[in-house]
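Reader: I am new to this structure and would like a close look at a single part. Please take me through it step by step.

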Amino acid sequence: MKVLSLGGAGAVCQHATRDLAEFSEFETIVIGDYDLSAAEKLAAEIGDPRLRALKVDAEDYDGLVQTFRGFDVVLNGLPWKYDMAVTRACVEAGVSGLDVSTEDEQWSFDGAAQEKGIVFIAGVGATPGTTNAMARCGADQLDEVDDIQIYFAAFRCPAPSPGLLITFLWEFDPKTESRVYCQDGEFIRAAPFEGTKMVNFPGPIGEQEVCYIPHPETETMPKSLGARSVSVRGCFPPHAMRLVRAMVESGLYSEEKLKIKGIETTPLDIMYELLLALPASKETPLWAYGLMVDVYGKKEGRDLRIRLWNRHPPAEEWGGKAAYYKNIAIPLSIGAQMIARGDVTRRGVVPPETAIDPDIFLSELSRRGIEIHQTVEEVQ
């Protein structure tokens, strides 16, 4: 079996590549990256004879299709602007795959993927990804699912990479239409910083204020898990939250053209370039990822809340930034290995909670030091 780790030398996906080398049984692991030298350097650093580097240009769609045909599984760790191209190319090439984020248009390839007999799992990171498995784990223990409330604390700096900066800015952009929550079957759009709530994440993150965030779990779980209500609330470190709130309140998300020293630009473009270049925007006191999922429903006539939450090794043990990145990359690697082993039997373009067996997935996380804990209690 051959796997392509696409973007596999990047800030996040290098840790998926490392996990493939340490835990997988693939005969060949190819690091596909536009920066060939970075891919070669990573392969040499890991030192696994199954690894090799390949230059891949994600802007060349025909080249993607041709490249994918030589693999059994494509693991996509590229920025989300390539999600559609990679999904489409996997379907055209007839090769199963998965990625770390989602686009609504990806679901339109579901029928074509089923006809090709492949699966493409959209959104297998921390959230979406691990949270989907946590929600499915809770839902499977209930006779009826009423409400799924997902919380995350992504403790990283605003601009560790261009793609992660784009994600950070987009999640609070007043123009983002997918910032919705589902309440009794109705999808309601939320404004930035709406739905604030205090959540105590176990470990060093502690109590944080979270708000509604545009994540796909809200849109997929009412159908896949039968929940009447689903919401995703999240936060970044306090200094990052203060920054983005000031941007919203000061009109810095505007895309209206203006001239600065004779150069035509927009306030949002200025902020993006500034944050990408500013050293302080690449620093944070704590690197960590907190996840918590509350699943409310009925079991044998009793109203229950099943709460699941994560714990992972500290930054001192996992190597600073890796304490954040591994929570995204390891699930991606596990998903690729589950596809290759035949643990995923579903076909089509599907969300994680539909395709991934939570018992297997959470057990694999535990092998890597990411523990998922649970409590069950009766509620009014």
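In what order do the 7 strands of the open sheet come? Please start there, then look closely at strand E2.

Author: This is a predicted model. The open sheet has 7 strands, in the order E3-E2-E1-E4-E5-E6-E17. Their pairing is parallel. E3 and strand E17 (348-350) are the edge strands, and each pairs on one side only. From one strand to the next, the twist averages 15°.

Now E2 itself. Strand E2 covers residues 28-33, and 6 of its 6 residues are buried, so the strand is largely enclosed by the rest of the structure. In a regular strand, side chains alternate between the two faces of the sheet. Both faces of E2 are covered. On one side, Thr28, Val30 and Gly32 are buried. On the other side, Ile29, Ile31 and Asp33 are buried.

Next, the neighbours. E2 sits between E3 and E1 in the sheet order. Take E1 to begin with. Strand E1 (residues 2-6) pairs with E2 in the parallel sense, over 5 bridges. Within E2, Gly32 is the bridge partner of Leu6. To get from E1 to E2, the chain passes through helix H1 (residues 13-23). This β-α-β crossover is right-handed.

Then turn to E3. Strand E3 (residues 51-55) runs parallel to E2, and 5 bridges join them. Ile31 has Ala53 of E3 as its bridge partner. Asp33 stands opposite Lys55 in E3. A helix belongs to this step too: E2, helix H2 (residues 36-46) and E3 make a right-handed β-α-β unit.

What do these two helices do at the sheet? H1 lies across E1, E2, E3 and strand E4 (73-76). Its direction is at about 160° to E1. H2 packs on the sheet and touches E2 and E3. The direction of H2 makes about 175° with that of E3. Both H1 and H2 therefore meet E2, given that H1 lies across E2 and H2 touches E2.

Put the picture together. E2 pairs with E1 over 5 bridges, and 5 bridges also join E2 to E3. The chain reaches E2 by way of H1. H2 is the helix in the unit with E2 and E3. Both faces of the strand are covered.

Technical notes: Residues are numbered from 1 along each chain as its sequence is written. This is a predicted model: local features need pLDDT of at least 70, side-chain atom pairs count only at pLDDT 80 or more; totals for chains, interfaces and linings use all residues. Side-chain values use heavy atoms; hydrogens and water are left out. Buried means under 20% relative accessible area, exposed over 50%, partly exposed in between (1.4 Å probe, protein chains only). Helices (H or I, at least four residues) and strands (E, at least two) are DSSP runs, numbered from the N terminus. Two strands pair if DSSP finds at least two bridges between them. A crossover is right-handed if, with the strands pointing away from the viewer, the path from the first strand over the helix to the second runs clockwise. Axes are lines fitted to C-alpha atoms, for helices over the stretch in contact, and angles run from 0 to 180 degrees between N-to-C directions. Contact means heavy atoms within 4.5 Å.
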